[in-house]
Amino acid sequence: MSEYNMQILICGGTGCKASESEEIRNAFTELLNEYGLEEEVQVVMTGCFGFCEKGPIVKMMPDNTFYVHVTPADTEEIIKEHIVKGRQVERLLYRDPVTKTVIHDSKHMDFYKKQIRIALRNCGFIDPESIDEYIARDGYQALGTCLTERTPEQVIDEIKRSGLRGRGGGGFPTGLKWEITAKVPGDQKYVVCNADEGDPGAFMDRSILEGDPHSVIEAMAINGYCTGATKGLVYIRAEYPLAIARLKIALRQAREYGLLGTDILGSGFDFDIEIRYGAGAFVCGEETALIHSMEGCRGEPTFKPPFPSESGFLGKPTNVNNVETYANIPVIINKGADWFCTIGSEKSKGTKVFALAGKINNVGLIEVPMGTTLREVIYDIGGGIRGGKKFKAVQTGGPSGGLLTTEFLDTPIDYDNLTAAGSMMGSGGMIVMDEDDCMVAIAKFYLGFTVEESCGKCAPCRIGNKRLYEILERITEGKGTMEDIDRLQLLGNVIKDASLCGLGQTSPNPVLSSLKHFRNEYLAHVRDQSCPAGQCKALVKYTVIEDKCTGCTLCFRNCPVGAITGEKREVHFIDQSLCIKCGVCFDKCKFGAILVS
Amino acid sequence: MPKIKLSDTAVETIREVCKTFGNKEGELINVLHQVQEKLGYLPAEVQEMIAQELNMSVAKVYGVVTFYSYFTMIPKGEFPISICMGTACYVRGAEQVLSEFRRQLKVEVGQTTPDGKFSLSCLRCVGACGLAPVIMVGEKVYGRVSPQQVKQIIAEYQEGCSSQSAKTA
């Protein structure tokens with residue numbers, strides 16, 4: 001391909017792009033020309049490196065030097081020192097947060113050590129806008145093998161043997177799904193890629209499409225070959241402009257190379273892919289709702305059976321898989337099911353991508369083997385809790401999942417263990433919470449989401465969740481009763497049992513699991529009219545501790561509503577009628593003179 | 001049919017968009033995406049017109065428009081402000097940032113300031129969770145926003161307003 005001696009890889013994911021990675025790329029390109037190095041050093045804008053916390057990230061190849069928090073102003077120093085003189089720019093290197101020592105390359109960072117990257121194999125390595133780079137890393141080899149050397153049955157058998165399960169959250173065996181769709185007779189069949197990532201705080205699918213769109217295209221074509229479908233559809237959120245743009249480029253390139261279209265690789269197999277846009281509805285992640293949305297209707301789920309594999313898009317047999325599931329397929333074909341089976345736990349094979357976020361030091365995108373424990377994820381990879389606070393819980397599975405507390409820290413993560421622990425795998429959102437988070441408020445937050453996103457079709461979800469939300473509202477305002485707590489439990493279980501689709505059946509999970517693990521917090525809100533975490537504003541009062549106040553005026557100057565009065569070197573006073581309880585005075589005070597009660 | 005009060009250019013735009021999608025009912029969502037992109041929002045008159053063009057009931061169009069959060073029936077401000085309310089942003093204080101915007105702009109979520117400059121909305125997840133809490137003004141992303149910064153962010157656009165609109169005009 002190229003004769004470059006060195007590569008500068010710049011993260012071009014949404015997060016890093018928001019912090020000037022585009023400007024950094026431009027600066028590098030200009031400077032390389034200026035120094036006459038453009039023939040020797042290649043600048044590549046890649047997909048997400050995963051380590052979003054330290055973005056924008058610049059990685060130097062071949063030595064894996066990992067520069068963090070890079071700004072456009074740093075580019076000249078990197079070229080002068082690193083490229084010209086061969087010396088690393090030490091101030092930009094990542095420092096181990098515990099030992100404070102400088103880490104010279106990404107291979108020695110704790111963040112990456114425990115990760116195995118299968119679905120994310122190309123994210124952060126290749127230019128997602130170049131099909132050649134994908135091909136150089138064995139891209140489209142799996143499609144070639146399938147079309148020229150194997151029958152659809154053999155391919156399906158390989159996927160079945162690999163034990164791959166749906167990564168969108170359901171965990172249904174992928175090979176079996178393909179087999180069912182393949183066996184249903186139909187003149188026209190469809191394969192669909194579900195890229196409607198609605199879980200707030202999760203960005204796995206987006207990152208794959210932004211960083212390695214060809215892997216999804218290749219897998220969809222293989223899926224088409226196996227099931228007898230000639231048309232693929234990607235249902236993607238309109239809120240993901242970058243992913244859409246890169247997917248469009250990838251589709252165009254694949255067509256140009258004859259990897260999509262008619263008679264692919266001379267095999268007689270026809271396949272092409274279209275993009276369909278979502279319009280912001282969480283429920284459209286459910287496959288029947290997604291199909292209705294693609295047909296131009298309201299995204300309301302319908303009863304299964306019939307399953308989409310029998311009657312899906314326009315009434316035709318349709319195979320729906322999630323982005324991450326697809327991203328695994330080419331690797332399984334290339335390396336074989338036996339290899340894939342060596343990774344993961346007994347019942348869950350392979351890896352899982354998680355979007356690690358919340359009160360954790362290393363926010364980012366990670367991929368770990370199934371069976372890794374929560375402790376490893378949170379402390380070894382995630383670097384522990386921010387600001388040295390105490391871990392309280394982690395929510396997996398987004399608004400459909402539940403809270404996992406300290407007692408589950410050593411539980412190996414896989415589909416079955418998480419379900420048994422009262423949560424679920426979900427699509428891979430993992431939100432870490434610390435001692436400052438009020439579990440009642442978190443439950444209310446998730447329920448507020450569900451209430452808004454309920455499609456309104458069936459009564460338990462539409463009305464029941466609204467009532468649950470109102471009860472939680474009362475409790476967080478200090479107006480709850482003991483009966484309310486019992487009502488939450490009863491109503492939650494009814495909604496779970498009586499709702500039609502996955503959204504309704506799982507919507508009370510955050511409430512039920514917080515009730516189970518943090519009942520004391522609910523009791524404190526109701527009985528003692530207090531919020532132990534100090535989050536529920538109606539129950540919190542900020543006052544000045546007279547003995548401790550030095551009259552430094554810091555709180556006075558920072559109060560956004562002018563509720564604090566007091567002269568310099570005199571005790572200050574908070575006017576409760578003006579106070580909006582934002583907590584700024586508490587955060588700013590250096591003398592611990594603000595009392596939260 | 002009720003009388004349609006749309007400008008001739010708007011009528012033409014809608015007709016064209018519907019035509020590119022073959023005036024097919026099944027393409028409704030694609031049509032709505034494009035029309036909203038061109039006109040900014042989807043008021044009742046626009047929906048009536050689309051229903052007519054695609055030969056379907058207005059009720060069905062309205063049902064779809066109101067179902068999806070991406071479609072809006074209210075015009076957005078010159079500088080639309082969106083607060084990310086994804087869980088990652090929420091646990092890092094997005095709610096406080098939102099209430100500060102509400103207080104400063106004196107509008108509620110989903111509304112536009114009377115001068116048409118700012119509109120306030122919540123969105124689910126920008127996907128820049130490493131920068132939480134995140135807000136967007138138009139296409140620009142602001143990361144690690146604190147309530148104290150809100151005033152300054154608004155001021156940035158209030159001052160730059162005249163020059164900005166001059167540029168786009």
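Hi everyone, I'll talk briefly about a predicted model of a complex, covering its confidence, the contact of chain A with chain B, and one helix pair in chain A.

Let's start with confidence. For the complex, the predictor gives an ipTM of 0.86 and a pTM of 0.90. Chain B has an average pLDDT of 88, with 92% of its residues scoring at least 70. Within chain B, α4(B) has the highest mean pLDDT of the elements, at 96, while helix α7 of chain B, residues 150–168, has the lowest, at 67. If you scroll to residues 161–169 of chain B, you'll find pLDDT under 50 throughout, and 2 contacts beyond four places in sequence.

Now, the contact between the chains. Chain A brings 38 residues and chain B brings 36. On the chain B side, α2 (28–39), α4 (58–67), α5 (87–91) and α6 (94–105) each supply at least two residues. As for character, that side of chain B has 20 nonpolar residues, 12 polar and 4 charged.

Last stop: a helix pair in chain A. Here α7(A), residues 152–162, and α8(A), residues 174–183, have axes that come within 7 Å and cross at roughly 155 degrees. Angles over 145 count as roughly antiparallel, so that is how α7(A) runs relative to α8(A). The crossing is left-handed.

Which residues of α7(A) meet α8(A)? They are P152(A), I156(A), I159(A) and K160(A), and among their partners in α8(A) are L176(A), W178(A) and E179(A). Taken together, the residues of this contact come to 6 nonpolar, 2 polar and 2 charged.

That's my tour, thanks for listening!

Note on methods: Residues numbered from 1 in each chain as written. Chains lettered and ligands numbered in written order. Predicted model: local features only at pLDDT ≥ 70, side-chain atom pairs only at ≥ 80, totals over all residues. Contact = placed C-beta atoms within 7 Å. Helix = DSSP H or I, 4+ residues; strand = E, 2+ residues; numbered from the N terminus. Nonpolar A, V, L, I, M, F, W, Y, C, P; charged D, E, K, R; others polar. Axes fitted to C-alpha atoms, helices over the stretch in contact; angles between N-to-C directions. Parallel < 35°, antiparallel > 145°, perpendicular 65-115°, else oblique. Left-handed = near helix turned anticlockwise from the far one by under 90°. pLDDT = per-residue confidence, 0-100.
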